[in-house]
Amino acid sequence: MAMMKVTYVSDHIKDMVNLYLIIPQRKLVRSAAAPQMQPGSFREEYPVLLLLHEEASSPLELATMSSIRRYAEKHGIMVAMPEGMLSYFTDYAVRDLNTGNSFGSNASIEANFTELCYESALDEVMAIIRQALPGTASPKKTFLAGIGSGGFAALKHAAKYPEQFAAVFSLNGITDLQRFMDDHPDRKEQFEAVFGGCTACGENDLPAAYAALAGKPHPPRVFQIYTPDDPECLQMNERFGQVLSPAYPDYHAAVLPGIPDWDWVDLALERIFDELCEQDNEKE
């Protein structure tokens, strides 16, 4: 298994950002019969799981506190974990007050304040995976998952670009942003900066977005994993399931008891990889 930290300048965030990658690797062992190390440690192409962290966490913490590296190695799936800070992997609403200026087409990024576009930056992540690394370009082998606020972001992104992902996983995700905003008035400043206010509408209204997506051809499979021991997330996830289960063509939910600590996250991640393996076997 190879774990890589890629630091690059993001055109959408206008800063240096980190991307953590886990790439399964065949072990080549020296022996008396074959004393030399042989090439071919890595595959030419890997299925890809884009995994979005919870806002109180980070990609590095996710990579070190969970067993994600072991699961990726076992199932032969490349995992990409970008940084999202407190953004919900959303393009900040309050960021580009000067985009209506007359600086012209040659204006520098310093003169045009479009920045902090964390959702748009996910396109850069996928370009790195596919152009610089052996990540698949096939949507049928590209998957999206997130934890908490990352679960919200994963569901939102998959609903906007359903043709890019075969499946999306939400782990104790924020599936009803409006309810979450109403329950946390102390975070008004954050919500206004990220979403432009405290009203979850349009693409941020996940129940409505997925109700609309249900009628379109070949939407991505949706998997919810949540705990009954987190009352706030339980109510949101149950409501989301009530919207999807009657009409969405490929919706699945699993209730996994336990407080949402790293042990719970570890079990939920294991369920993701088991599900991906099972789906792959069914195709074969």
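**Figure 1. Surroundings of Leu-52 in strand β3 of the predicted model**. Leu-52 belongs to strand β3, which covers residues 48-52. The residue has a relative accessible area of 0%, and is therefore buried. With neighbours within four places in sequence set aside, the contacts of Leu-52 are Pro-82, Phe-89, Leu-122, Leu-144, Ala-145, Gly-146, Ile-147, Gly-150, Ala-153 and Ala-154. Gly-151 is 99 residues away from Leu-52 in sequence, yet the C-alpha atoms of Leu-52 and Gly-151 are 7.2 Å apart in space.

**Figure 2. Thr-175 in the loop between β6 and α5**. The loop that holds Thr-175 runs between strand β6 (167-171) and helix α5 (177-183). Thr-175 counts as buried because its relative accessibility is 0%, against a cut-off of under 20%. A polar atom of the Thr-175 side chain lies 3.0 Å from the backbone oxygen of Met-236. Met-236 is also among the residues that Thr-175 touches when those up to four places away in sequence are not counted. The others in this set are Leu-155, Ser-170, Leu-206, Pro-207, Gln-224, Asn-237 and Phe-240.

**Figure 3. The aromatic pair of Tyr-88 and Phe-152**. Nine aromatic pairs are present in the structure. In the pair formed by Tyr-88 and Phe-152, the ring centres are 6.0 Å apart and the planes meet at 75°, an edge-to-face arrangement. Tyr-88 is placed in the loop between β4 (78-82) and α3 (121-132), whereas Phe-152 is part of helix α4 (residues 149-160), so the pair ties together parts that are 64 residues apart in sequence. Both partners are buried: Tyr-88 has a relative accessibility of 2%, and Phe-152 has one of 0%.

**Figure 4. The tilted pair of Tyr-92 and Tyr-118**. The ring centres of Tyr-92 and Tyr-118 are separated by 6.2 Å and the planes lie at 45°, so the pair is classed as tilted. Tyr-92 and Tyr-118 both sit in the loop between β4 and α3, 26 residues apart, and their pairing links distant parts of the chain. Tyr-92 and Tyr-118 are both buried.

**Figure 5. The aromatic cluster of Tyr-88, Phe-152 and Phe-195**. Together with Phe-195, Tyr-88 and Phe-152 make up one aromatic cluster. Within this cluster, Tyr-88 and Phe-152 form the edge-to-face pair shown in Figure 3.

Notes. Residues numbered from 1 in each chain as written. Predicted model: local features only at pLDDT ≥ 70, side-chain atom pairs only at ≥ 80, totals over all residues. Heavy atoms only, no water. Helix = DSSP H or I, 4+ residues; strand = E, 2+ residues; numbered from the N terminus. Buried < 20%, exposed > 50% of the residue type's maximum accessible area, 1.4 Å probe, protein only. Contact = heavy atoms within 4.5 Å. Polar contact = N/O pair within 3.5 Å; in protein donor to acceptor, adjacent residues only side chain to side chain. Phe/Tyr/Trp six-rings, centres within 6.5 Å; stacked < 30°, edge-to-face > 60°.
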